[in-house]
Amino acid sequence: MKISVIFGSHRFGGTNHEIEKILKKYSDIHEFDFIHLANNKIEGCIDCHECGKFGQCILPPSKNDHFQEVYEKMIVADAVFIITPVYAVIPSRLTALFERMTSVLYYTGVMNTDNNPLLNKKVAIFNYCYNKICDDKEIKLIFDKFVMKNYRFDRSTYKYMNKCENPNEKYSNIIEYIQDTIINL
Ligand SMILES: Cc1cc2nc3c(=O)[nH]c(=O)nc-3n(C[C@H](O)[C@H](O)[C@H](O)COP(=O)(O)O)c2cc1C
């Protein structure tokens, strides 16, 4: 399976590095594309609505903006893993990615339609602080609208690849949880 792995952390090293090392053990089974937001800056949407005319975000790809590149890597992958630390909720670059995805899908008229390129995409979302597993429900709720036609606003109803209700009862740390998800894909 071709898996795009988006790491939300803004720093190299740390837990994201440990997780990447573990995932690499499965490189003979899966083709990973590791995307670190630490070196993929994503600016906020400027609400220009130009994506509605051009079919894609017109903020130029540059060393300061990698939205289009990251977005396209999600579209071409068989599965997307979003692995993010808690940053007083969500890291700002990941927030900006979600913000721009919302605009592109909405203004191009594909959100909630069969033409959404992310509709029914296989997705796993993990949230952590150091090696502790944190609640992923908020991020899953946000992400539902990118992958579903009939999403709701009060709770996530999408079938994510990692769907353990109380992962802290089953796993002792985030690495175990991610590893188990990969093994059972
Ligand atoms: C800007 C910032 C905000 C953070 N906010 C929180 C927080 O509100 N709650 C928490 O438990 N940890 C918080 N942390 C700690 C990170 O979740 C933790 O350091 C995590 O391991 C970082 O991921 P990394 O090791 O892959 O870089 C914050 C860290 C940063 C840099």
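**Exercise 1. The sheet and its edges**

Six bridges join β1 to β2; in this predicted model, work out how the two strands run, where they sit in the sheet, and which strands stand at its edges.

*Solution.* Begin with the pair itself: β1 and β2, joined by six bridges, run parallel. One position that shows the pairing is valine 5, whose bridge partner in β2 is phenylalanine 34. Next, place the pair in the whole sheet, which is open and is formed by five strands in the order β2-β1-β3-β4-β5, with mixed pairing. Reading the order from its two ends, β2 (31–36) and β5 (132–133) stand at the edges, each with a single partner strand, so one side of each has no neighbour in the sheet. Finally, turn to the cover over β1 (residues 2–7), where five of the six residues are buried, so that the strand is mostly covered.

**Exercise 2. The pairing of β3 with β4**

Find how many bridges join β3 to β4, which residues of β4 stand opposite isoleucine 83 and threonine 84, and which helix packs on the sheet there.

*Solution.* Strand β3 (residues 79–85) and strand β4 (residues 122–129) run parallel and are joined by seven bridges. Within this pairing, isoleucine 83 stands opposite phenylalanine 126 in β4, while threonine 84 stands opposite asparagine 127 in β4. The helix that packs on the sheet is α7 (residues 174–183), which touches β3, β4 and β5, and whose direction makes about 170° with that of β4. As a last step, consider the surroundings of β4: six of its eight residues are buried, so the strand is largely enclosed by the rest of the structure.

**Exercise 3. Two helices that pack together**

Describe the packing of α3 against α4 by angle and distance, and then decide what kind of residues make the contact.

*Solution.* Helix α3 (residues 67–76) and helix α4 (residues 92–107) pack at an angle of about 75°, and their axes are 11 Å apart. That angle makes α3 roughly perpendicular to α4, because angles of 65 to 115 degrees are counted in this way. On the side of α3 the contact is made by Phe67, Val70 and Tyr71, and on the side of α4 by Leu97, Arg100, Met101 and Val104. Sorted by class, the residues of this contact are six nonpolar, no polar and one charged.

**Exercise 4. Helix α5 and the loop before β4**

Name the buried residues of α5, and then decide whether asparagine 112 and asparagine 120 are exposed or partly exposed.

*Solution.* In helix α5 (residues 137–147) the buried residues are Ile139, Lys140, Phe143, Lys145 and Phe146, and what covers them includes β3, α4 and β4. Asparagine 112 lies in the loop between α4 and β4, and asparagine 120 is found in the loop between α4 and β4 as well. With 15 C-beta neighbours inside 10 Å, asparagine 112 counts as partly exposed, whereas asparagine 120, with 12 other C-beta atoms within 10 Å, is exposed. Phi is near 65° at asparagine 112, a positive value in a residue other than glycine, and phi of asparagine 120 is near 65° too.

**Exercise 5. The shell around the ligand**

List the residues that surround the ligand, and find which helix gives the most to this shell.

*Solution.* Surrounding the ligand are Ser9, Arg11, Gly14, Thr15, Asn16, Pro85, Val86, Tyr87, Ala88, Cys129 and Tyr130. Helix α1 (residues 14–24) gives the most to the shell, with three residues. By class, the shell has six nonpolar, four polar and one charged residues.

Methods: Residues numbered from 1 in each chain as written. Predicted model: local features only at pLDDT ≥ 70, side-chain atom pairs only at ≥ 80, totals over all residues. Near = placed C-beta within 6 Å. Helix = DSSP H or I, 4+ residues; strand = E, 2+ residues; numbered from the N terminus. Nonpolar A, V, L, I, M, F, W, Y, C, P; charged D, E, K, R; others polar. Pairing = 2+ DSSP bridges. Contact = placed C-beta atoms within 7 Å. Axes fitted to C-alpha atoms, helices over the stretch in contact; angles between N-to-C directions. Parallel < 35°, antiparallel > 145°, perpendicular 65-115°, else oblique. Buried ≥ 20, exposed ≤ 12 C-beta atoms within 10 Å, placed from the backbone.
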